[in-house]
Structure formats: C-alpha cells, structure tokens
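Me: Please take a close look at the salt bridges in this model, and describe the setting of the side chains involved. Please then place that part within the rest of the chain.

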Amino acid sequence: MTPDRIVLSGLTLTGYHGVFDFERRDGQPFVVDVVLELDTRKAAETDDVTDTVHYGELASRLAEVVTGEPVNLLEKLVARLADVCLDDPRVSAAEVTVHKPKAPIPLDFADVAVTIRRSR
C-alpha cells in the first residue's frame, strides 16, 4: 500500500548556519520542505487533529531547529530536521529538503539545497 503524505513546503526562517563567520554572525534565509509518509485513515475517520501529525506544531518544532544551534553543513541541519519529523511514531518516513538561496557562492545561481529521506 502506498502511504499517505503530509507536505509542508516553503517554511522560510532565518538561521545562522554555515562554515563562514559572517554566515553565523549575520544569518540568512533557509527554506524547508517536508514530506511525511504515514497512514491518515484514522484521522479521516475521526476528523480529529490528535489522530494525525499537527502540521502547525511540526512547523514550530522545525523552526526551533533552524533558528537554534548553528551547524556548519546543510547535511547536518537536514538530518536534525528529519529526526524531528520521525519523533512522531505515526510517521514511517520523512523527506526533508533545506534550501539555502543566499549561499555564499560568487556566481549567479537559483538555489542550493540538500534533500534526505529517512525511514523507520
């Protein structure tokens, strides 16, 4: 059976991640996209938010990570966010992408992103 999905995309926050001192000092935008895989049938039946992942609460927890303790690499940040997603035992898998649109690259570019998928 193909799992149901909950998608939260475009969560934009200021974080202080990066390998350069100015990134940690000045901060920059990070954009988070999350796809959760889970069974939503119980929530559909009961129409009760406690029977599913509350995406507002999820967004707040993700924001705490992005705006919290700085890391050097996007890979580390994305892994932390995936852990948050998998904290809910109903989530069987999570795909997390973090975009760093203002990455310090001295060339024209549209985006830099790291995506990981973690499952139980």
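**Salt bridges and their surroundings**

Reply: Arginine 25 and aspartate 26 are joined through their side chains in a salt bridge, with 2.9 Å from N to O. The model is a predicted one, and this applies to everything that follows. Arginine 25 has a relative accessible area of 58% and is therefore exposed, since the cut-off for that class is over 50%. Aspartate 26 reaches 46% relative accessibility, so this residue counts as partly exposed.

A second salt bridge connects arginine 117 with glutamate 37, and here the closest N and O atoms lie 2.8 Å apart. This pair links distant parts of the chain: arginine 117 belongs to strand E4 (residues 113–119) and glutamate 37 to strand E2 (residues 28–38), 80 residues apart. The two partners fall into separate accessibility classes. Glutamate 37 is buried because its relative accessible area is 18%, and the limit for buried residues is under 20%. Arginine 117, with a relative accessible area of 44%, is partly exposed.

Aspartate 88 and arginine 90 form a further salt bridge, at 2.7 Å from N to O. Aspartate 88 counts as buried, because its relative accessibility is 17%. Arginine 90 stands at 35% relative accessibility and so counts as partly exposed. The three pairs described here are among the eight salt bridges counted in the model.

The wider setting of these pairs is as follows. The protein comprises four helices and four strands, and from the N terminus on these elements follow the order β-α-β-α-α-α-β-β. Of its 120 residues, 41% are buried. Along the principal axes, the C-alpha atoms occupy a box of roughly 50 × 25 × 20 Å.

The surface also carries a nonpolar patch of about 380 Å², to which Val19, Phe20, Phe22 and Leu73 contribute. One of these residues, leucine 73, is placed in the loop between helix H3 (55–66) and helix H4 (74–86). Its relative accessibility of 48% is why leucine 73 counts as partly exposed; a patch residue must have over 30% relative accessible area.

Empty space at the surface is a further point to consider. A probe the size of a water molecule, rolled over the atoms, shows where such space is left. The largest pocket has a volume of about 190 Å³. It is lined by 15 residues, of which Glu23, Asn72, Lys100, Ala103 and Pro104 are the closest to its centre. Sorted by class, the lining of this largest pocket contains nine nonpolar, three polar and three charged residues.

The backbone offers one last detail, at aspartate 47. Most residues other than glycine have a negative phi. Aspartate 47, although not a glycine, has a positive phi of about 60°. Aspartate 47 is located in the loop between helix H2 (41–46) and H3. With 72% relative accessibility, aspartate 47 counts as exposed.

To return to the salt bridges, the acidic partners range from buried, as in glutamate 37 and aspartate 88, to partly exposed, as in aspartate 26. Among the basic partners, arginine 25 is exposed, whereas arginine 117 and arginine 90 are partly exposed.

Definitions and conventions:
Residues are numbered from 1 along each chain as its sequence is written. This is a predicted model: local features need pLDDT of at least 70, side-chain atom pairs count only at pLDDT 80 or more; totals for chains, interfaces and linings use all residues. Side-chain values use heavy atoms; hydrogens and water are left out. Patches are made of residues with over 30% relative accessible area and no salt bridge: like charges are joined within 9 Å, nonpolar side chains (Val, Leu, Ile, Met, Phe, Trp, Tyr) within 5 Å. Accessible areas come from the Shrake-Rupley method with a 1.4 Å probe; for residues, only the protein chains shown count as cover. A salt bridge is a side-chain nitrogen of Lys or Arg within 4 Å of a carboxyl oxygen of Asp or Glu. Helices (H or I, at least four residues) and strands (E, at least two) are DSSP runs, numbered from the N terminus. Buried means under 20% relative accessible area, exposed over 50%, partly exposed in between (1.4 Å probe, protein chains only). On a 1 Å grid over the protein atoms alone, a cavity is a set of points where a 1.4 Å probe fits but cannot get out, and a pocket is an open set with protein on both sides within 12 Å along at least five of seven lines; lining residues have an atom within 4 Å of a point. Grid points are joined across faces, edges and corners, and a volume is the space filled by probe spheres set on the points. Ala, Val, Leu, Ile, Met, Phe, Trp, Tyr, Cys and Pro count as nonpolar, Asp, Glu, Lys and Arg as charged, and the others, Gly among them, as polar.
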